[in-house]
Amino acid sequence: MINTIKSAFERWRANPAVPALSPNLLKTLYPLLTLAIGLTALILMYMWNNQASYKPVFGARERVSAPDMMTVLDSDHIPYRIHPDSGQVLVPDSMLGKVRMLLAAKGVTAQLPAGLELMDKNDPLGVSQFVQDVRFRRGLEGELAQSIMTLDAISHARVHLSIAKSTSFVSSDGEKSSASVVVALKPGRTLEPEAIAAVVNMVAGSVASLAPQRVSLVDQAGNLLSSHIDLTEGFDAGTTGNDASKRYADEVKANIKGLIGPVIGDDNYRMSVAAAVDNDRVEETVEKYGADPKVTSEAMREEQDRNRMVMGVPGTLSNRPPPAAANPAAANQQTAGTGADAQQPDGTARKNATTRQYAYDRSIIQTKRSRGRLEKLSVAVVLAQAAAPTPKNGWSPAEIANIDKILRNGLGINAERGDQLVVSAMNFPRKAAPVQWWEERDNIVDITKYAGYAIAALLGYLLLARPLLRLVTMRFTPDPKEAARITAERRAAEQAAVVAAKEAKEAAAKEQAALAGGAAPGTAGGAPALGGAGAAPGMPVVPLLENYDLPPPGSAVDVMVDHLKVLAAKEPERVAEVVKQWMQKNGRTQ
């Protein structure tokens with residue numbers, strides 16, 4: 001990118017219509033242009049990162065008063081933003097939980113659909129029945145929506161009811177009530193068949209004369225969820241679709257894992273389970289009869305006529321008495337057994353009748369078989385040869401037969417039902433080497449991100465900071481020749497200061513010796529204290545360097561300069577004389 005910019009800049013310079021720029025100006029423009037590009041990139045990265053760290057406080061479908069939220073956030077000095085498309089209030093991700101707790105404490109929460117509290121409004125006199133019916137229907141819809149939203153997987157719900165009007169005609173079916181429910185599921189969540197049946201039955205049970213078959217349940221993606229269940233004869237959550245087969249397979253796998261997993265290890269076997277399930281609902285009635293009939297009821301009737309009239313063909317034979325029987329007991333038994341009319345000698349007539357009813361034993365068995373019955377179970381288990389007690393020889397037939405026997409008893413394999421179990425041994429491929437921490441995808445992403453930051457920092461230093469520092473150094477660094485001249489003059493000044501300090505010390509010592517030699521004559525004869533200069537009577541004579549502690553030779557330059565400053569402040573004339581002599585010695589006269 002830098003080379004492209006440079007080439008474009010060179011082409012722009014080669015254009016004759018563009019005025020020529022000086023090399024110094026070009027040297028200045030290159031770092032400034034690079035600095036501007038780098039700062040722009042850093043600002044854009046910061047804005048993008050800052051924008052991505054803001055999260056919405058509430059969902060897009062939750063009804064929350066945005067002005068109330070902004071008032072609370074402003075009062076607590078919490079930064080926030082407004083999404084330009086949805087109008088949601090966004091706060092920093094690190095403060096999301098705190099903001100939600102703060103809004104809940106201040107009473108700013110998501111507004112639920114209005115329920116039957118709509119009926120509490122005080123209306124003026126003369127409100128129509130239609131308004132009352134609409135208000136009741138809206139309140140019932142709101143109550144149902146609030147109840148549906150309490151489910152864990154549902155974030156928002158709307159209910160539409162079509163309540164049929166009652167009619168006075170008994171024979172007329174009339175209109176039937178119906179309902180439609182629209183639910184918005186939480187991200188990554190689905191409604192189980194049990195939850196779908198619960199919502200449908202709850203709505204149907206809340207409206208009079210509403211059948212569950214006339215309730216439609218739709219999600220936010222437009223899927224008709226109510227078509228996934230059958231409510232014609234009730235709902236059985238354990239026998240819907242493939243759920244029963246999956247449940248049987250999971251139970252068998254758990255049993256296999258519990259039986260052979262601790263023995264040979266979870267990684268030393270593989271299993272497959274297939275369960276055939278009958279999802280038909282069967283109702284069966286069986287009626288059986290016994291082999292021999294039995295008397296269920298018996299009725300006996302006996303008639304006797306004492307005033308029987310003489311009947312028959314007139315003549316001698318009819319008026320003659322009956323002949324006597326040879327065996328009267330046998331005659332009486334025959335008369336009673338036949339049950340026919342008999343005429344007694346006294347002129348009475350008897351009649352006996354017996355009625356018996358016979359029936360067979362009958363048993364009725366009524367059986368209702370629910371859906372999800374296991375018809376057949378097929379299980380296959382493969383053992384690793386390396387997990388055998390003797391890995392070199394592998395699993396022996398006796399050991400495999402023993403495991404087969406254990407599994408058959410533990411899983412309840414029923415041969416009459418058609419269940420099958422196969423146990424075999426095979427060589428498993430070698431286990432893959434464990435993935436190192438630097439080979440994991442998340443770690444690779446993190447390392448790449450940090451490496452990108454490091455490369456960006458390095459490029460920023462090489463392309464921005466280093467040229468800028470070089471430019472500043474070139475601007476503020478003096479010419480080397482001038483710097484060398486200034487350094488030489490500074491060293492000469494330091495040496496001159498040292499020499500001046502020594503000369504001043506020697507001059508002070510000489511003056512002190514001269515004052516000490518002329519002190520007696522001056523005291524007796526009144527001679528002046530200083531040669532060539534008069535002294536006032538009674539004025540004390542103070543040596544020049546008596547009260548100054550000069551630094552020892554070889555001290556630091558800063559220490560010598562500080563002492564020279566003190567001497568120049570105390571004795572400016574003496575210091576000026578010494579400097580004047582030093583300048584004359586070096587050929588520099590004023």
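**Exercise 1.** In this predicted model, find which helix holds aspartate 442, and decide whether the residue is buried or exposed.

*Solution.*
- Step 1: place the residue. Aspartate 442 lies in helix H10, residues 441-476.
- Step 2: take its relative accessible area, which is 54%.
- Step 3: apply the cut-off. Exposed means over 50%, so aspartate 442 is exposed.
- Step 4: look at the charge around it. Aspartate 442 belongs to a surface patch of negative charge, together with Glu439, Glu440 and Asp446.

**Exercise 2.** Classify aspartate 404 as buried or exposed, and name the residues it contacts beyond four places in sequence.

*Solution.*
- Step 1: place the residue. Helix H9 (residues 397-411) contains aspartate 404.
- Step 2: check accessibility. The value is 17%. Buried means under 20%, so aspartate 404 counts as buried.
- Step 3: list the contacts. With neighbours within four places in sequence set aside, aspartate 404 touches Leu421 and Val423.

**Exercise 3.** Where does histidine 77 sit, and what is the sign of its phi?

*Solution.*
- Step 1: recall the background. Most residues other than glycine have a negative phi.
- Step 2: read the angle. Histidine 77 is not a glycine, yet its phi is positive, about 55°.
- Step 3: locate it. Histidine 77 is in the loop between helix H3 (66-75) and strand S2 (81-82).
- Step 4: check exposure. Its relative accessibility is 71%, so histidine 77 counts as exposed.

**Exercise 4.** Work through serine 209: what is its phi, and is it buried or exposed?

*Solution.*
- Step 1: read the angle. Serine 209 has a positive phi of about 55° and is not a glycine.
- Step 2: locate it. Serine 209 falls in the loop between helix H6 (193-206) and strand S6 (215-219).
- Step 3: check exposure. Relative accessibility is 63%, so serine 209 is exposed.

Definitions and conventions: Residues numbered from 1 in each chain as written. Predicted model: local features only at pLDDT ≥ 70, side-chain atom pairs only at ≥ 80, totals over all residues. Heavy atoms only, no water. Helix = DSSP H or I, 4+ residues; strand = E, 2+ residues; numbered from the N terminus. Buried < 20%, exposed > 50% of the residue type's maximum accessible area, 1.4 Å probe, protein only. Patch = residues over 30% accessible without salt bridge, like charges linked within 9 Å, V, L, I, M, F, W, Y side chains within 5 Å. Areas by Shrake-Rupley, 256 points an atom, 1.4 Å probe, with all protein chains shown as cover. Salt bridge = Lys/Arg side-chain N within 4 Å of Asp/Glu carboxyl O. Lys, Arg positive; Asp, Glu negative; His and termini not counted. Charge placed at Lys NZ, Arg CZ, Asp CG, Glu CD. Contact = heavy atoms within 4.5 Å.
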